[in-house]
Amino acid sequence: MLSRTLCRITRQPSAFRSFSALAEEIFEPLRPAVTMYSEEETAVRDMVKTWAQQELAPHVREMDREGAMRPDILKSLFDNGLMGMEIPEKYGGSEMNFTSAVIAVEEIAAVDPSFAILVDIQNTLTNNALRFWGSEELQEKWLPRLATDTASSFCLSEAGSGTDAFAMKTTAIPSPDGSYYTLNGSKLWISNSKEAGVFLVFANAAPEKGYKGITAFVIDAETEGITVGKKERKLGLKASSTCPLTFEDVKVDVSCVLGEVGMGYKYAIEILNEGRIGIAGQQLGIAKGAFNATMPYLRERKQFGTPIGDFQGMQHQVAQLATEIHAVEVMTYNAARMKENGLPFVKEASMCKLYSSQVAEKVASKCIEWYGGVGFTEDIIVEKFYRDCKVGSIYEGTSNIQLQTIAKIIASEW
C-alpha cells in the first residue's frame with residue numbers, strides 16, 4: 001500500500017516537492033524533536049539563563065564558602081515565578097509545563113547546582129504532590145505560599161531507611177477521636193530544611209500494617225515539637241542546607257494528611273519517579289556548566305606554540321563528551337515529554353537519572369584535567385561542579401536502585 005501511494009504521488013506534476021511535504025501526505029504530521037522547545041519553553045530558558053548569570057553567578061563562590069544561601073536570591077526565585085512553575089495561576093503560580101520546570105533546573109544548575117536542587121525539590125516533588133493529592137483545603141492554604149514566598153522540604157529518609165525507605169520508624173499515631181495525629185521520630189539528609197517553611201513528611205500511622213501504614217503529612221515548619229538540627233558539612237552543594245529533623249510529640253491536625261491515610265508509600269514512589277527527571281536536569285546543567293566553562297580555555301592555553309584544543313587527542317575527548325552530554329539532554333527531555341503526555345516513563349526516568357549522573361561526573365573530572373594544575377584550585381569553577389555532581393548518583397534513588405528499576409521493567413517487557 002505504501003509503495004503504491006509513493007508511486008502515485010511521484011507521477012504527479014509536483015513530484016519534486018520536498019520530502020517533508022511528501023511525508024505529511026502519507027504519514028501523520030511530523031513531530032518535533034524532544035529538544036525542540038515551544039515559544040514558552042524557549043522564553044523560560046532565556047529568562048532563567050539571564051537571571052542565573054546576572055543574579056546568581058556573582059555570589060556562587062561566596063555562598064559555597066559560607067555554606068548558606070543569600071535570602072535575597074531565594075526571594076528573587078519567587079519573584080521570577082521559578083518556585084511555582086506548574087502551580088495554577090489562580091494560586092499565584094506560573095502554570096507552565098513540566099518540561100519548563102526541568103529547563104529551569106538545568107539552567108540554574110549550570111551556574112549553581114545548590115540552587116538547582118532547591119528549585120527541583122520545590123517544583124517536581126512538593127508542589128506536584130500537593131497538586132496531585134492535596135485536598136482543596138491544603139491546596140488553598142499552601143499552593144499560594146509555595147508559589148510566592150515559602151520553600152519546602154521532602155522528608156522521607158531516616159537513619160535506618162535510606163534506599164529501604166519504607167523501613168522508616170517515624171510514627172504518626174491517631175488521637176482517640178481521630179481529629180489529630182502525634183508524630184514522633186527523626187529524619188536525616190533533608191535538603192533545604194533550614195530555608196523551608198513547610199515540610200512534606202512521611203510517617204507510619206499504622207505500624208502494624210508495615211509500609212501500608214505510611215502516610216504523608218503537610219506540616220508547617222513552625223509547628224511546636226519540630227527541631228531542625230545542625231547543617232551537615234558536605235563535599236558539595238554547600239550552600240544548600242542538609243539537616244536532620246526531629247519530631248517530638250508533634251500534634252498535626254487530620255486536615256494536614258495528604259491524600260489518603262496509608263497511601264504515603266505510593267505517593268512517595270510516584271513523585272520520586274518525576275523527581276528523577278528533575279535530577280537528570282540538574283546533572284545535565286552541571287555537565288554543560290563545566291564544559292562551557294572549559295572550552296574557551298582550550299583555545300587560550302597554548303603548549304608547543306599551539307592551542308591545546310587543536311591537538312587531535314584533545315579534539316577526540318571534546319567530541320566524546322559533547323556526544324554524551326547531547327545523549328543526556330535527549331534522554332532527559334524525552335522522559336519529560338513522556339511524563340507530560342501521560343505515557344509510562346518510569347524506566348526512562350531511571351535511565352536519564354542514572355546516565356546523567358555518570359556523564360556529569362565524567363565531564364567535570366575531564367574539565368579539571370583539561371585545565372591542568374589550575375583546574376585543581378578554587379580559582380576555576382569546574383572543581384565546584386566536580387564536588388556538586390557526586391550526590392547525583394546518591395539522592396532520589398542511588399545508581400544501583402536505578403539499575404534495578406530498569407532491569408525489572410525490561411524483564412517485565414519480555
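How much area does the chain expose, and what share of it do carbon and sulfur atoms supply? About 19,300 Å² is exposed, and carbon and sulfur atoms supply 55% of that area. Keep in mind as you look through these views that this is a predicted model.

**Figure 1. The whole chain, with its 13 helices and ten strands.** Welcome to the overview. The C-alpha trace spans about 80 × 65 × 40 Å along its principal axes. A compact globule of 414 residues would have a radius of gyration near 22 Å, and the chain, at 24 Å, agrees with that. Buried residues make up 51% of the 414 residues. Among contacts with a separation of 6 or more, 73% are accounted for by residues 24 or more positions apart. The chain carries 42 positive and 53 negative charges, and the mean positions of these two sets are 6 Å apart.

**Figure 2. The largest nonpolar core, a set of 64 residues.** Here we step inside the chain. In soluble globular proteins, nonpolar side chains tend to be buried together. Leu56, Leu77, Ile108, Phe115, Ile277 and Val363 are the members of this core that touch the most other members. Helix 11, residues 346–371, gives the core its largest share, with ten residues. A second core, separate from this one, has 32 residues, including Leu143, Ile214, Leu237 and Leu272.

**Figure 3. Ile108 and the residues it touches.** Leaving aside residues up to four places away in sequence, Ile108 touches Val48, Trp51, Leu56, Leu77 and Leu82, and also Pro113, Phe115, Ala116 and Val119. Three names in this view may look familiar: Leu56, Leu77 and Phe115 were listed with Ile108 among the core members that touch the most others.

**Figure 4. Phe166, in the loop between strand 1 (151–155) and strand 2 (171–174).** Is Phe166 buried, partly exposed or exposed? Phe166 counts as partly exposed, because its relative accessibility is 28%. Residues up to four places away in sequence aside, Phe166 touches Tyr211, Ile214, Tyr265, Ala268 and Ile269. One of these, Ile214, is included in the second core. Now look for Val34: it is 132 residues from Phe166 in sequence, and the two C-alpha atoms are 35 Å apart in space.

**Figure 5. Ile269, a residue of helix 9 (residues 264–300).** Ile269 is one of the residues that Phe166 touches, so this view follows on from the last. With a relative accessible area of 42%, Ile269 is partly exposed. Gly67 lies 202 residues from Ile269 along the chain, and their C-alpha atoms are separated by 31 Å.

**Figure 6. Glu95, with a positive phi of about 50 degrees.** Glu95 has this positive value although it is not a glycine. Where does Glu95 sit? Its place is in the loop between helix 5 (71–79) and helix 6 (98–109). Glu95 is partly exposed, with a relative accessible area of 46%.

**Figure 7. Trp189, another residue other than glycine with a positive phi.** The phi of Trp189 is near 60 degrees. Trp189 lies in strand 3, which covers residues 180–191. Trp189 is exposed, because its relative accessible area of 54% is over the 50% cut-off.

Definitions and conventions. Residues numbered from 1 in each chain as written. Predicted model: local features only at pLDDT ≥ 70, side-chain atom pairs only at ≥ 80, totals over all residues. Heavy atoms only, no water. Helix = DSSP H or I, 4+ residues; strand = E, 2+ residues; numbered from the N terminus. Buried < 20%, exposed > 50% of the residue type's maximum accessible area, 1.4 Å probe, protein only. Rg over C-alpha atoms; globule rule 2.2 N^0.38 Å. Contact = heavy atoms within 4.5 Å. Areas by Shrake-Rupley, 256 points an atom, 1.4 Å probe, with all protein chains shown as cover. Lys, Arg positive; Asp, Glu negative; His and termini not counted. Charge placed at Lys NZ, Arg CZ, Asp CG, Glu CD. Core = buried A, V, L, I, M, F, W, Y, C linked by side-chain atoms within 4.5 Å.
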